[in-house]
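Q: Got a minute to go through the sheets in this one with me? I'd like to start with a hairpin.

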Amino acid sequence: MNRWRLLIMAISLMLGATVSPAVSSVSFLEARAEAADRTLSEQLFRVEWAGGASPSDQFRIVGYVYNDYGEDAVNVQLRISEVDASGRTVGSVIKPVGDTVPASGRAFFDVRVPGTASFYQVAVESFDFMPDPWTTETTEQLLTAAGFDQKLADSPEKLANLALLTPARKLIPQERSGQLYYVYADPALCKCMYVGTAAQYERARQQQLAGDQLIAVQDNLVVPILWDLWAP
């Protein structure tokens, strides 16, 4: 009898040892799948907020954006979505946080959106990490020395367009009126855009080779430049 008990116990232990890793593996795969479904913004940022009605048929939303990454985040924008009772998104607006969200820290926001819906969702829509100031300033000094024109984002419309010119802090060739230009957007530090001709770009390239510097070049812009805003 004792031998049968020992045999049953041994089989139970073997089955347990066989089944347990399978359960663990399923849990691991589920966790991987859940992480894959989350956007990069959702993986790096958290939003805590509260809301209430405000005058003129608007909804006021106040809260904090938490940055779980190891670098300061700038140009952080929130997507605030209006949701109906069935969970369907019926409208959304983009609002800037305004302040830098420090690494492993948080930033406060206070915004108002149109509408008086019962349900809202708030999430980080876009962001940029603070560049190395020394590298950025050195690059911009080189562009200035090569003759690039600095255009300051001195209006809300220019700031909005500048924030969308991604990737930032890379020279990007752009054709306008049959002429080739190179554009460098810096929405974080100088809040400006540098524009140079092909000849000025070649001059900058020669200067960077002589000074052992590096200017990154990208093939195209994700969002087009609104040239009329930046004229002349």
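A: Sure, and keep in mind that this is a predicted model. In the hairpin of β3 and β4, five residues lie between the strands, and Gly87 has a positive phi near 90°.

Q: How many bridges do β3 and β4 share, and in which sense do they pair?

A: Seven bridges, in the antiparallel sense; β3 covers residues 73–83 and β4 residues 89–96.

Q: Which residues face Gln77 and Leu78 in β4?

A: Gln77 sits opposite Pro96, while Leu78 has Lys95 as its bridge partner.

Q: OK, what's the strand order in the sheet with β3?

A: The order is β4-β3-β6, an open sheet of three strands with antiparallel pairing. β4 and β6 (119–129) are the edge strands, each pairing on one side only. From one strand to the next, the twist averages 20°.

Q: What holds strands together in a sheet, generally?

A: Backbone hydrogen bonds, in either a parallel or an antiparallel arrangement.

Q: Switching topic: what's the order in the sheet of four strands?

A: That open sheet runs β7-β10-β9-β8, with antiparallel pairing. Its edges are β7 (149–152) and β8 (172–176), each of which pairs on one side only. Neighbouring strands there are turned by 35° against each other on average, ignoring direction.

Q: And how many bridges between β8 and β9?

A: Five, antiparallel, with β9 spanning residues 179–186. Within that pair, Gln174 stands opposite Tyr181 in β9.

Q: Which helix packs on that sheet, and what does it touch?

A: Helix α3 (residues 133–145) does, touching β9 and β10 (192–197). The direction of α3 makes about 150° with that of β9.

Methods:
Residues numbered from 1 in each chain as written. Predicted model: local features only at pLDDT ≥ 70, side-chain atom pairs only at ≥ 80, totals over all residues. Heavy atoms only, no water. Pairing = 2+ DSSP bridges. Helix = DSSP H or I, 4+ residues; strand = E, 2+ residues; numbered from the N terminus. Axes fitted to C-alpha atoms, helices over the stretch in contact; angles between N-to-C directions. Contact = heavy atoms within 4.5 Å.
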